[in-house]
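Hi everyone, thanks for making the time today. Let's put the structure up on the screen and walk through it together.

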Amino acid sequence: MLGKRLISTIGLVAVVVGTIFIDWLFGLAVTVFALLGLFEFFTMLEKKGISIYKYFGIIVGVMIPLSITFRFELTKSWELLFIVLMLLFLIIMQFKRRENSGVIVDISTTLFGILYICWFFSFLIKIRYLSGGIGLLAAVIIITKCGDIGAYLIGTRFGKHPLLPRISPKKSREGAIGSLGFSILAAFACKRFLNFSDLQLLCVGTVLSILGQLGDLSESLLKRDCHVKDSGNFIPGIGGVLDLIDSLLFTAPVFYFYISIISQ
C-alpha cells in the first residue's frame, strides 16, 4: 500500500513539474484533475440516489479553470457573475421537471460540487499567475502533500487514538500531529520560494497542515454519507482523483488570499 501511494504521489509531482513552467499547460492539467474529481463526486451522489445535473455541472465546472487559464474574466467580479448565472440556469432547468420533489437537493448538490471542487482547485492556477507564482505554487503543494505523507506515515506506525472515528476510523491524533510536523518542516524547506520570516513559515506550515487535514476529513465525510470507501479507482494505493486532491481544496484558496493580502 505504501509503495503504491508513493508511486501515485510521485506521479502527481511529475505532472506538476512537467507542466508548471508553462502556464496554460498547467492550467489544462488542473482542469483535467478538476474534471475527474467532479465526475467522481457526481457519481457518488448518483449512487446515493440524488438526481444531480451531471453533464451540465461538468461543463460548467470545466469552464471555471479554463476561464482562469486563458484569462476570460469579463469583470473583476466575474466569479460572482458566473455563480449567479449558473444558479439561474439551474433554476430554469427545474421548469422541465415532471414533479417538484428533490428540487432543492438537486440544485444544491450540483452547485456545491462545482464550487467545492472546480472553483476551489482552480486557485492553484491563480497562484501560478501571481508574481513568483512558480515558487509559490511549488510551496503550497509541497507543504500540503508533505502533511498528507506525515499523517499517513506517523498514523500507520504510531496511531492509537482515533481522531474522528465517526468520519474516518483510520485517522488518528498521532497522524494529525505527524501531518503538522511534516508540513512545518516542509514550510521551512520552502523558505527560498516564500521569502518569509521564520514566524511566518511556522504559521503557514501550521495553517496549511490544519486546512489540508480538514480537506481530507471533509471528503471522508462526503464518502461516508454516500457509503463509499474511495471516490474512485483511478489512482493505485489512494483511490480516486478526489482522494488525491482533497487536501489542496482548502489550502490553495486560503494560501492565495494570504499571499494576495501580504503583497498589497
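Let me start with the rings: the structure holds 12 aromatic pairs. By that I mean rings of Phe, Tyr and Trp (its six-membered ring) with centres within 6.5 Å; planes under 30 degrees apart count as stacked, over 60 as edge-to-face, and the rest as tilted. One of the pairs is F41 with F112, which is tilted, at 5.8 Å centre to centre and 55° between the planes. F41 lies in helix α2 (residues 23-48) and F112 in helix α5 (residues 103-121), so this pair ties together parts that are 71 residues apart in sequence. Helices and strands here are DSSP runs numbered from the N terminus: H or I of at least four residues for a helix, E of at least two for a strand.

Before I go on, a word on where this comes from. This is a predicted model, where local features need pLDDT of at least 70 and side-chain atom pairs count only at pLDDT 80 or more, while totals for chains, interfaces and linings use all residues. Residues are numbered from 1 along each chain as its sequence is written, and side-chain values use heavy atoms, with hydrogens and water left out.

Back to our pair: are the two rings buried or exposed? F41 is buried, at 3% relative accessible area, whereas F112 is partly exposed, at 37%. The cut-offs are under 20% for buried, over 50% for exposed and partly exposed in between, with a 1.4 Å probe and protein chains only.

Both rings belong to a cluster linked by ring pairs, whose members are F41, F42, F112, Y116, W119, F120, F123, F250, Y256 and F257. F123 also has a charge for company: the charged end of K126 sits over its ring, 5.7 Å from the centre. That label needs NZ of Lys or CZ of Arg within 6 Å of the ring centre and within 35 degrees of the ring normal.

Now the two helices themselves. α5 has 19 residues and reaches 27 Å from its first C-alpha to its last, close to the 27 Å expected; the expected span is 1.5 Å times one less than the number of residues. Among its buried residues are D106, T110, I114 and Y116. For α2, with 26 residues, the end C-alpha atoms are 38 Å apart, which agrees with the expected 38 Å. After α2 comes G49, with a positive phi near 95°.

On to charges: how many salt bridges are there? The count comes to 7, taking a side-chain nitrogen of Lys or Arg within 4 Å of a carboxyl oxygen of Asp or Glu. E46 meets K54 at 3.2 Å, N to O; E46 is partly exposed at 39%, while K54 is buried at 10%. K171 bridges to D216, with the closest N and O atoms 3.6 Å apart. K171 lies in strand β2 (residues 168-172) and D216 in helix α10 (residues 198-226), so that bridge ties together parts 45 residues apart in sequence. There is also a network of salt bridges linking E219, K223 and D243.

Finally, the whole chain: it has 12 helices and 2 strands. Its radius of gyration is 19 Å, close to the 18 Å from the globule rule for 264 residues, so it is as compact as a globular protein of that length. That radius is taken over C-alpha atoms, and the rule is 2.2 Å times the number of residues to the power 0.38. Buried residues make up 47% of the chain. Thanks for listening!
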